[in-house]
Amino acid sequence: MKSQKIMSSEKQQKEKARLHPRNKNRERYDLSALTTSIPELKSYIRPNKFGGESIDFSKPHAVKLLNKALLNYYYGIKYWEFPDKNLCPPIPGRADYIHYIADLLGENNSGTIPVGDKITCLDVGIGASCIYPIIGVTEYGWRFIGSDIDPKSIASAQNIVNSNSSIKGKIECRLQKNPKNVFHGIINNEDKIELTICNPPFHSSIEDAQKVTRRKIKNLSGKKVKTPEVHLAGISNELICDGGEYKFIQNMIRESKKFSKNCYWFTSLVSKQSNLKGIYKLLEKIEAKQIKTIPMGTGNKSSRIVAWTFLSVKEQKEWIETRWKTLSSGHS
Ligand SMILES: C[S@@+](CC[C@H](N)C(=O)[O-])C[C@H]1O[C@@H](n2cnc3c(N)ncnc32)[C@H](O)[C@@H]1O
């Protein structure tokens with residue numbers, strides 16, 4: 001029993017060690033502090049087979065409560081409510097994306113990460129949970145625009161923003177009226193945006209989504225599940241789009257060219273490694289000036305961010321001179 005216990009915590013630490021060095025979720029979870037933040041979480045804590053305690057992750061509600069507690073404890077978010085049928089994002093991986101793109105801006109700024117509301121970030125597909133803007137505002141003080149094709153998600157994200165004084169007024173939610181568009185209808189001519197980020201819908205069909213969900217639940221609970229506990233019908237727009245992740249990113253890349261002078265860096269998560277080849281090919285074809293791939297790993301899952309810009313080195317320098325030079329710097 002003793003060696004199992006050691007193995008278990010070693011495994012957990014190994015997984016957490018893959019997170020970005022500034023990710024607050026690298027620490028071992030302090031269940032007592034988290035249950036003080038959100039007492040309801042207590043009813044989902046079970047003794048584990050290694051003699052310790054852990055959260056029953058096979059229950060979607062437990063995952064949501066843990067996330068609520070993490071946002072409360074680490075990020076000072078007091079109100080984080082959205083319908084249960086919406087995607088409930090794991091916080092550590094979402095935080096990693098924000099920290100890695102902060103590093104990307106830092107590289108352009110002689111190693112100092114620009115902080116404060118002169119930095120604008122557009123989150124394509126903000127979702128009902130508003131997760132990326134919450135982390136970006138609380139960690140770096142950036143300003144956010146969040147888009148989504150689902151009016152209910154836009155309303156939910158805006159409600160979260162308005163209900164937390166720490167992020168109120170710093171995140172603007174814009175409805176994308178045409179689901180075929182990514183930037184059109186969202187970025188205005190006069191907008192200047194340092195970063196666009198996106199966690200694209202990655203499944204191409206309901207069947208594909210169900211297969212993956214079943215596998216995930218089986219891995220967590222050790223049981224075979226015929227019908228996933230998550231209500232897939234209600235979340236089809238969030239996780240599914242025609243052509244899946246690849247087509248979504250392709251559209252995004254094509255459209256990005258038209259906004260090449262409005263944005264410094266365009267970025268997207270790419271969860272399937274096999275999609276990279278086609279993505280690079282398209283980026284070269286449309287003459288992106290710089291392309292970067294940033295590896296990320298959370299838990300036992302590897303992912304990556306692909307970033308591209310159409311600004312020449314000279315244009316990048318001018319952008320920084322005119323927009324960032326008066327910024328305060330809090331991180332380096
Ligand atoms: C995988 S979810 C990500 C949600 C949230 N950002 C997160 O990481 O948890 C993808 C989101 O993209 C939205 N979406 C789909 N097509 C879109 C489009 N053309 N423009 C903006 N958002 C879109 C979906 O409604 C959904 O909220």
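Two residues are taken to be in contact if their C-beta atoms, placed from the backbone, lie within 7 Å. The model is a predicted one, so local features are reported at pLDDT of at least 70 and side-chain atom pairs count only at pLDDT 80 or more, while totals for chains, interfaces and linings use all residues. Residues are numbered from 1 along each chain as its sequence is written.

First, the overall picture. The chain holds eleven helices and eleven strands, where helices (H or I, at least four residues) and strands (E, at least two) are DSSP runs numbered from the N terminus. Of its 332 residues, 37% come out as buried. Here a residue is buried if 20 or more other C-beta atoms lie within 10 Å of its own, exposed if 12 or fewer, and partly exposed in between, with C-beta atoms placed from the backbone. Among the contacts in the chain with a separation of 6 or more, 71% link residues 24 or more positions apart.

Next comes the ligand. It is surrounded by 25 residues, a residue being counted as near if its C-beta atom, placed from the backbone, lies within 6 Å of the molecule or strand in question. The closest are P89, G125, G127, N199 and E238. Helix 5 (131-140), strand 5 (143-148) and helix 8 (236-239) are the elements that each supply two or more residues to this shell. Helix 8 gives the most, with three. Sorted by class, the shell has twelve nonpolar, nine polar and four charged residues; Ala, Val, Leu, Ile, Met, Phe, Trp, Tyr, Cys and Pro count as nonpolar, Asp, Glu, Lys and Arg as charged, and the others, Gly among them, as polar.

Helix 5 also turns up in a helix pair. Two packed helices are described by the angle between their axes and the distance between the axes. Helix 4 (residues 91-108) packs on helix 5 at an angle of about 50°, and the axes are 9 Å apart. The axes are lines fitted to C-alpha atoms, for helices over the stretch in contact, and angles run from 0 to 180 degrees between N-to-C directions. Helix 4 and helix 5 are therefore oblique to each other, given that angles under 35 degrees count as roughly parallel, over 145 as roughly antiparallel, 65 to 115 as roughly perpendicular and the rest as oblique. The crossing of helix 4 and helix 5 is right-handed, on the convention that a crossing is left-handed if the near helix is turned anticlockwise from the far one by less than a right angle, and right-handed if clockwise. On the helix 4 side, R94, A95, Y97, I98 and A102 take part, and they meet I131, Y132, I135, G136, E139 and Y140 of helix 5. These contact residues break down into eight nonpolar, one polar and two charged.

A second pair is made by helix 9 (residues 244-258) and helix 10 (residues 276-285), at an angle of about 15° with axes 10 Å apart. Helix 9 and helix 10 are therefore roughly parallel, and their crossing is right-handed. Y246, I249, Q250 and I253 of helix 9 make the contact with G278, I279, L282 and L283 of helix 10. By class, the residues of this contact are six nonpolar, two polar and no charged.

Two non-glycine residues have a positive phi. For S110, phi is near 50°; S110 sits in the loop between helix 4 and strand 3 (113-114). S110 is exposed, because 8 other C-beta atoms lie within 10 Å. For C130, phi is near 60°, and C130 lies in the loop between strand 4 (120-124) and helix 5. C130 is buried, as 30 C-beta neighbours fall inside 10 Å.

A few other positions round out the description. S302, in strand 10 (residues 301-309), is exposed, since 12 other C-beta atoms lie within 10 Å. Setting aside neighbours within four places in sequence, S302 is in contact with P295 and G297. The C-alpha atoms of S302 and Q273, 29 residues apart along the chain, are 8.9 Å from each other. A62 belongs to helix 3 (residues 60-75) and is partly exposed, with 18 other C-beta atoms within 10 Å. Leaving out residues up to four places away in sequence, A62 touches Y44, I55, D56 and F57. G76 follows in the loop between helix 3 and helix 4 and is partly exposed, with 13 C-beta neighbours inside 10 Å. With the same exclusion of residues up to four places away, G76 touches T138 and S166. G76 and T138 are 62 residues apart in sequence and 8.2 Å apart in space, C-alpha to C-alpha.
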